[in-house]
Amino acid sequence: MSNQQLVDAAINVRSHAHAPYSRFAVGAALLTRSGKVFVGCNVENVSLRLTLCAEQGAVSAAVASGERDFVAMAVVADSTEPVVPCGGCRQMLAEFNPDLEVITSTPNGRVEKYGLNELLPRPKQGILESFRND
Ligand code: THU
């Protein structure tokens, strides 16, 4: 699976975005170590605060299919600068792989690559221990 193929999957799913309020359609494609791709698009809501990001949708689809070992994610939106995941999505991705590769692209091929570890250098972690009392 090349980066371009992952970006293409994000471009395709972006056409399903439900973004009547922002008119900012986003597509995301998440690659697992086993070579599977899970996709998501943003799903807005009239409340605005219930809006789901494309990245969240892709993570949810993968986890619901029993996949948690993620190696890369592509995100596509039609912005001047390639879009980067919001803070909440960075934390959601870091839950599964804080070193995930993040490829972000505009539909006309302006591409940037980041490590999730540079987008979210200090993810929240380590609370499992405090939930245990054995
Ligand atoms: N959005 C995403 O889905 N992913 C991003 O990385 C950036 C923002 C969505 C949320 C909202 O529906 C719209 O884009 C504008 O922020």
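Ala-74 is buried, because its relative accessible area is 0% and buried means under 20%. This residue is found in strand 3. The model is predicted. Strand 3 belongs to an open sheet of five strands, ordered 2-1-3-4-5. Helices pack on that sheet, among them helix 1 and helix 2.

**Around Ala-74**

- Leaving aside neighbours within four places in sequence, Ala-74 touches Leu-6, Val-7 and Ala-10.
- Ala-74 is also in contact with Gly-27, Ala-28, Ala-29 and Ile-103.
- Ala-74 and Leu-100 are 26 residues apart in sequence. In space, their C-alpha atoms are 11 Å apart.

**The sheet**

- The five strands have mixed pairing.
- Strand 2 (37-41) and strand 5 (111-115) stand at the edges. Each has a single partner strand, so one side of each is left without a neighbour in the sheet.
- From one strand to the next, the twist averages 15 degrees.
- Strands of a sheet pair through backbone hydrogen bonds, either parallel or antiparallel.
- Strand 1 (residues 26-32) and strand 3 (residues 70-77) run antiparallel. Seven bridges join them.
- Thr-32 has Phe-70 of strand 3 as its bridge partner.

**Helices on the sheet**

- Helix 1 (residues 3-14) touches strand 1, strand 2, strand 3, strand 4 (101-105) and strand 5. Its direction makes about 140 degrees with that of strand 1.
- Helix 2 (residues 54-64) touches strand 1, strand 2 and strand 3. Its direction makes about 140 degrees with that of strand 2.

**Helix 2 against helix 3**

- Two packed helices are described by the angle between their axes and the distance between the axes.
- The axes of helix 2 and helix 3 come within 9 Å. They cross at roughly 20 degrees.
- Angles under 35 degrees count as roughly parallel, so helix 2 is roughly parallel to helix 3.
- The crossing of helix 2 past helix 3 is left-handed.
- Helix 2 brings Glu-55, Gln-56 and Val-59 to the contact, and helix 3 brings Cys-89, Met-92 and Leu-93.
- By class, this contact has four nonpolar, one polar and one charged residues.

**Around Cys-89**

- Cys-89 is found in helix 3 (residues 87-94).
- Cys-89 counts as buried because its relative accessibility is 2%, and the cut-off is under 20%.
- Not counting residues up to four places away in sequence, Cys-89 touches Cys-53, Glu-55 and Gln-56.
- Cys-89 and Glu-101 are twelve residues apart in sequence. From C-alpha to C-alpha, they are 14 Å apart in space.

Definitions and conventions:
Residues numbered from 1 in each chain as written. Predicted model: local features only at pLDDT ≥ 70, side-chain atom pairs only at ≥ 80, totals over all residues. Heavy atoms only, no water. Helix = DSSP H or I, 4+ residues; strand = E, 2+ residues; numbered from the N terminus. Buried < 20%, exposed > 50% of the residue type's maximum accessible area, 1.4 Å probe, protein only. Contact = heavy atoms within 4.5 Å. Pairing = 2+ DSSP bridges. Axes fitted to C-alpha atoms, helices over the stretch in contact; angles between N-to-C directions. Parallel < 35°, antiparallel > 145°, perpendicular 65-115°, else oblique. Left-handed = near helix turned anticlockwise from the far one by under 90°. Nonpolar A, V, L, I, M, F, W, Y, C, P; charged D, E, K, R; others polar.
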